[in-house]
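Trainee: Please take one part of this model and go through it closely. I would like the contact between the two chains, seen from the side of chain A.

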Amino acid sequence: MTTTIVRRTLDQVAVGDPLPELRYDVSATTVVVGALATRDWRPQHHDYAFATQRNGVRDIFLNAPNQAAWFERYLTDWSGPTGRLARMSFRMHDSIFPGDTMVFTASVTSVDVDETGCGWVGLDVLVAVEDRTCTTCAARIALPVTADDNPWARHGERWVP
Amino acid sequence: MSDDDLPASITALIDVPRYDETSDFPVERGYIWTSCASTENANPLYWDDDVAAELTGGPIAAPSMLSTWFRPHHWAPGLDVQRLPLQVHFDLKDQLGLPEAVMSDNTTIFYEPVRPGDVISTCQRLRSVSAEKQTKLGIGRFWVIDVEYRNDRGELVGIESWTGFGYRRDAA
């Protein structure tokens with residue numbers, strides 16, 4: 001199988017642009033693999049009895065660091081590998097459980113170039129399960145301003161996240 | 001309780017760097033691939049060494065994995081008590097008598113990329129503790145804790161800010 005690699009540049013983005021929706025069926029394995037991948041050993045992410053009896057929720061639930069990884073995956077699916085994540089701020093309103101289908105949507109909130117010449121895109125991202133807003137995220141990602149630009153080559157004073 | 005009831009021992013901790021710690025192990029690619037697998041992340045930066053060489057001068061860790069590198073082993077020889085990540089959070093639970101806690105907000109700023117072989121050091125700073133509040137989980141307090149991450153060359157690789165809510169369920 002071959003995969004076309006997107007390398008999105010800043011001139012291809014405008015405020016208000018939506019990102020393609022991502023839907024994913026969450027299983028207990030999703031939650032447990034996500035917790036182990038982030039070295040999060042807290043029992044509410046693998047122990048049903050602890051989650052329901054101590055935390056008072058209906059099942060084990062997706063942990064915060066793995067949600068960060070999901071946001072990154074969603075954003076870089078759109079940007080391609082030249083997109084460089086700079087800042088991510090998310091709020092968890094409700095938990096994501098096995099059996100849920102989580103749906104990621106997003107839109108572009110800002111497009112600009114800073115004084116060092118770095119191209120920036122701001123995005124608002126939402127993860128919902130049916131009519132439940134589970135997590136909201138504001139992200140800032142650097143994109144190449146031209147096809148031969150590379151945000152990853154920026155360091156020190158030339159990287160202002 | 002009000003803001004005035006916040007113990008002086010807690011107020012004294014605000015903005016003080018604590019728990020200077022070095023990761024148990026160098027950043028390694030196994031965890032990077034496991035993280036990508038957990039989210040079905042096909043970004044070639046993490047799977048294709050040619051792409052990594054072209055864009056980032058070699059393999060890097062996914063930026064969102066930052067906190068992975070400061071979480072202690074679940075068990076290690078000679079440890080009588082399990083070490084906990086974000087120890088300031090657990091200290092607050094104990095000192096404020098709030099047995100349950102959840103994280104509600106996270107903000108992370110990414111600086112230099114983290115690379116396989118890096119040894120990451122961290123320190124934690126308590127930034128604020130709220131007055132007691134009633135939520136659907138119970139009565140408790142919100143707090144904000146920053147974690148600063150540096151590699152073994154002293155370069156800043158990230159700053160993470162967590163908002164936690166410690167609470168008592170029986171008070172709901």
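Mentor: What follows describes that side of the contact, with most attention to one helix. The model is predicted, with an ipTM of 0.95 and a pTM of 0.90. For chain B the mean pLDDT is 92, and 96% of its residues reach 70 or more.

Chain A brings 36 residues to the contact and chain B brings 33 residues. On the side of chain A, at least two residues each come from helix H1 (28-37), helix H3 (64-79) and strand S2 (84-92). H3(A) gives the largest share, ten residues. Sorted by class, the side of chain A that touches chain B holds 19 nonpolar, eleven polar and six charged residues.

H3(A) deserves the closer look. At 1.5 Å a residue, its 16 residues should span 22 Å, and the C-alpha atoms at its ends are 23 Å apart, so the two values agree. H3(A) is also largely enclosed by the rest of the structure, because 14 of its 16 residues are buried, a residue being counted as buried if 20 or more other C-beta atoms lie within 10 Å of its own. Just after H3(A) comes A:Gly80, with a positive phi of about 85°.

The strand on this side, S2(A), pairs across the chains. Five bridges join S2(A) to strand S2 of chain B, residues 100-110, and the two run antiparallel. Within this pairing, A:Arg87 has B:Ile109 of S2(B) as its bridge partner. The contact from chain A thus includes residues of H3(A) and of S2(A), with S2(A) also bridged to S2(B).

Terms used: Residues numbered from 1 in each chain as written. Chains lettered and ligands numbered in written order. Predicted model: local features only at pLDDT ≥ 70, side-chain atom pairs only at ≥ 80, totals over all residues. Contact = placed C-beta atoms within 7 Å. Helix = DSSP H or I, 4+ residues; strand = E, 2+ residues; numbered from the N terminus. Nonpolar A, V, L, I, M, F, W, Y, C, P; charged D, E, K, R; others polar. Pairing = 2+ DSSP bridges. Expected span 1.5 Å × (residues − 1). Buried ≥ 20, exposed ≤ 12 C-beta atoms within 10 Å, placed from the backbone. pLDDT = per-residue confidence, 0-100.
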